[in-house]
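Dear colleague,

Please find the structure below, handed over for your review. My notes on its charged side-chain pairs follow directly after it.

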Amino acid sequence: SNLAVAFWFEHGNELQSETLQTDRVLDRVAAVATTLAAVPPDARRVVMDTMSSHVWRFTEVPLRRHPGAMDQKEIRLAQRLSAMLRPGSYRAPVTVRLHETYKTIPADLRPFHADHNGEAVHIYLPVDEHTRLSAVFLRSPAPWPVEIAIAALVAIMVSSAAATIMARRVVRPLSELTAAASVVARGGTAPHVAET
């Protein structure tokens, strides 16, 4: 039961962390897209390079590049992101892909010097009638929940020690009674056994 509670707690913690991280990703992508729409086209490269890092990569791509289909969760996030864009900005379909691998992302859209083991969030959204923004965010692999494992192990040890102490308190009088019965069965004198 302790392990089940620990895994349930860790699962809830992972879901909450993923939700917060996704919200941050959507905010950043919406901010970059809004900025790109507001600056002249020749200044966009500077904005995208400034906002990119070893886990982020912002790239302008032509509208003809087709990003692929989405699942229901991705569709909901794409609708949220579309609603976050500046009113009056150019409207075109927004695509969100939550579980891309590094190798499935085209090489010209990947973050530089990135860890290739994590999952990526890949978002396409419109900048103007000719250009779409590709935003790639690489998630690092989730660390193993050491704190949860230690807490579960300590809880198991404490509950096992308590159960052992309680079992001894219950079994001791029965052991005394059994020993006395054995003496009597062999023909000896019955020893005194406390009523408790």
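E60 is partly exposed, with a relative accessible area of 28%. In this predicted model, its side chain forms a salt bridge with R44, and the closest N and O atoms are 3.0 Å apart. E60 belongs to strand β1 (residues 56-62) and R44 to helix α2 (residues 44-51), so the salt bridge ties together parts that are 16 residues apart in sequence. R44 counts as buried, at 6% relative accessibility; the cut-off for that class is under 20% relative accessible area.

The structure holds four salt bridges, and two others may be of interest to you alongside the pair described above.

One of these joins the side chains of R45 and D49, at 3.6 Å from N to O. Both residues lie in helix α2, where they are four residues apart, about one turn of the helix. R45 is partly exposed, at a relative accessible area of 42%, and D49 is likewise partly exposed, at 46%.

Another salt bridge links R97 with E100, with 3.4 Å between the closest N and O atoms. Here R97 is partly exposed, its relative accessible area being 22%, whereas E100 counts as buried at 12% relative accessibility.

In general, side chains of opposite charge can pair when their charged atoms come close.

With kind regards

Technical notes. Residues numbered from 1 in each chain as written. Predicted model: local features only at pLDDT ≥ 70, side-chain atom pairs only at ≥ 80, totals over all residues. Heavy atoms only, no water. Helix = DSSP H or I, 4+ residues; strand = E, 2+ residues; numbered from the N terminus. Buried < 20%, exposed > 50% of the residue type's maximum accessible area, 1.4 Å probe, protein only.
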